[in-house]
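Me: I'd like to learn how to read a protein model by eye. Can you take me through one, feature by feature?

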Amino acid sequence: MKAEVINPFLESACHVIEQVIQVSPSTGNLGVKEISLIDNHIWIQIGMTGQMSGDIVFGLQEQVALRMVSVMMGGYILTEMDEMGQSAISELGNMISGNASTILSNQGVNVDISPPKVIRSVNVTQFAQKKALSIPLMMDGIGELDIQVMIS
């Protein structure tokens, strides 16, 4: 897996988070990470097909997701991840991935993305462990979002 495949997702995530969450995220260190089940976490999974195929997963603690969704909903404080919250965090993943696929298209790489799938640790009995190229985004006052790319 080439490290440059994560760049369109990183660029898009920074742009979307600045626009929607109104914070400028800073990036952590790029690395390979084992994706595994972690308590109180949410993953937004987007499938990709075309000239690049695989999955992009945005991982974050449930409390971070709640803070992000609260900002997206104009400051309405969510205390639990209900259907509306899941829909909002799903849409955030969709916006990031859609923008990233546009960036890839502008680079001559044609891809299609699947609708986002929200996976919560409380609902998961089995979670396939995979290795992913991963980079964390730190958002002041909100928390961390991991971009995890498993693309070939």
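Me: Let's start with charged pairs. How many salt bridges does the structure hold?

Reply: Keep in mind that this is a predicted model. To call a salt bridge, look for a side-chain nitrogen of Lys or Arg within 4 Å of a carboxyl oxygen of Asp or Glu. The structure holds three of them.

Me: Which residue does aspartate 146 meet in a salt bridge?

Reply: Its partner is lysine 33, with 2.5 Å from N to O. Next, check where the two sit along the chain: aspartate 146 belongs to strand E8 (residues 143-151) and lysine 33 to strand E2 (residues 31-35), so the pair links distant parts of the chain, 113 residues apart. The side chains of aspartate 146 and lysine 33 are also joined by a polar contact of 2.5 Å.

Me: Is aspartate 146 buried or exposed?

Reply: The idea is to compare the relative accessible area with a cut-off: under 20% is buried, over 50% is exposed, and partly exposed lies in between. Aspartate 146 has 10%, so it counts as buried. Lysine 33 has 31%, so that end of the bridge is partly exposed.

Me: What else does aspartate 146 touch?

Reply: For this, skip residues up to four places away in sequence. Aspartate 146 then touches Lys33, Val57, Phe58, Gly59, Ser134, Ile135 and Pro136.

Me: Ser134 is on that list, so let's go there. Which strand does serine 134 lie in, and what is it in contact with?

Reply: Serine 134 lies in strand E7. Leaving aside neighbours within four places in sequence, its contacts are Ile6, Asn29, Leu30, Gly31, Lys33, Asp146, Ile147 and Gln148. Both Lys33 and Asp146 are on that list, and these are the two residues of the salt bridge we began with. Serine 134 has a relative accessibility of 5%, so it counts as buried. For a different kind of reading, take a C-alpha to C-alpha distance: serine 134 and valine 71 are 25 Å apart in space and 63 residues apart in sequence.

Me: Back to the charged pairs. Which residue does lysine 131 meet in a salt bridge?

Reply: Lysine 131 meets glutamate 34, at 3.5 Å from N to O. Here too the pair links distant parts of the chain: lysine 131 is in strand E7 (residues 130-139) and glutamate 34 in strand E2, 97 residues apart. Lysine 131 is exposed, with a relative accessible area of 58%, while glutamate 34 counts as partly exposed at 39%.

Me: And which residue forms a salt bridge with glutamate 62?

Reply: That one is arginine 120, and the closest N and O atoms are 2.8 Å apart. Glutamate 62 lies in helix H2 (residues 62-72) and arginine 120 in strand E6 (residues 117-120), so this bridge ties together parts that are 58 residues apart in sequence. As for burial, both glutamate 62 and arginine 120 are buried.

Me: Let's zoom out. How many helices and strands does the protein have?

Reply: Count the elements, then read their order from the N terminus. The protein has three helices and eight strands, and they run α-β-β-β-β-α-α-β-β-β-β.

Me: What does the radius of gyration say about the overall shape?

Reply: The trick is to compare the value with what a compact globule of that length would have. With 152 residues, such a globule would be near 15 Å, and the protein has 14 Å, which agrees. The C-alpha trace spans about 40 × 35 × 30 Å along its principal axes, and 46% of the 152 residues count as buried. You can also ask how far apart in sequence the contacting residues are: among contacts with a separation of 6 or more, 70% are between residues 24 or more positions apart. Last, the accessible surface comes to about 7800 Å², and 46% of that belongs to carbon and sulfur atoms.

Me: One more feature: the backbone. What is phi for glutamine 22, and where is this residue found?

Reply: When you scan phi, pick out positive values in residues other than glycine. Glutamine 22 has a positive phi of about 65 degrees, and the residue is found in the loop between helix H1 (7-20) and strand E1 (26-27). At 62% relative accessibility, glutamine 22 counts as exposed. Asparagine 40 is another case, with phi near 60 degrees. Asparagine 40 is in the loop between E2 and strand E3 (41-50) and is exposed, with a relative accessible area of 52%.

Key: Residues numbered from 1 in each chain as written. Predicted model: local features only at pLDDT ≥ 70, side-chain atom pairs only at ≥ 80, totals over all residues. Heavy atoms only, no water. Helix = DSSP H or I, 4+ residues; strand = E, 2+ residues; numbered from the N terminus. Buried < 20%, exposed > 50% of the residue type's maximum accessible area, 1.4 Å probe, protein only. Contact = heavy atoms within 4.5 Å. Polar contact = N/O pair within 3.5 Å; in protein donor to acceptor, adjacent residues only side chain to side chain. Rg over C-alpha atoms; globule rule 2.2 N^0.38 Å. Areas by Shrake-Rupley, 256 points an atom, 1.4 Å probe, with all protein chains shown as cover.
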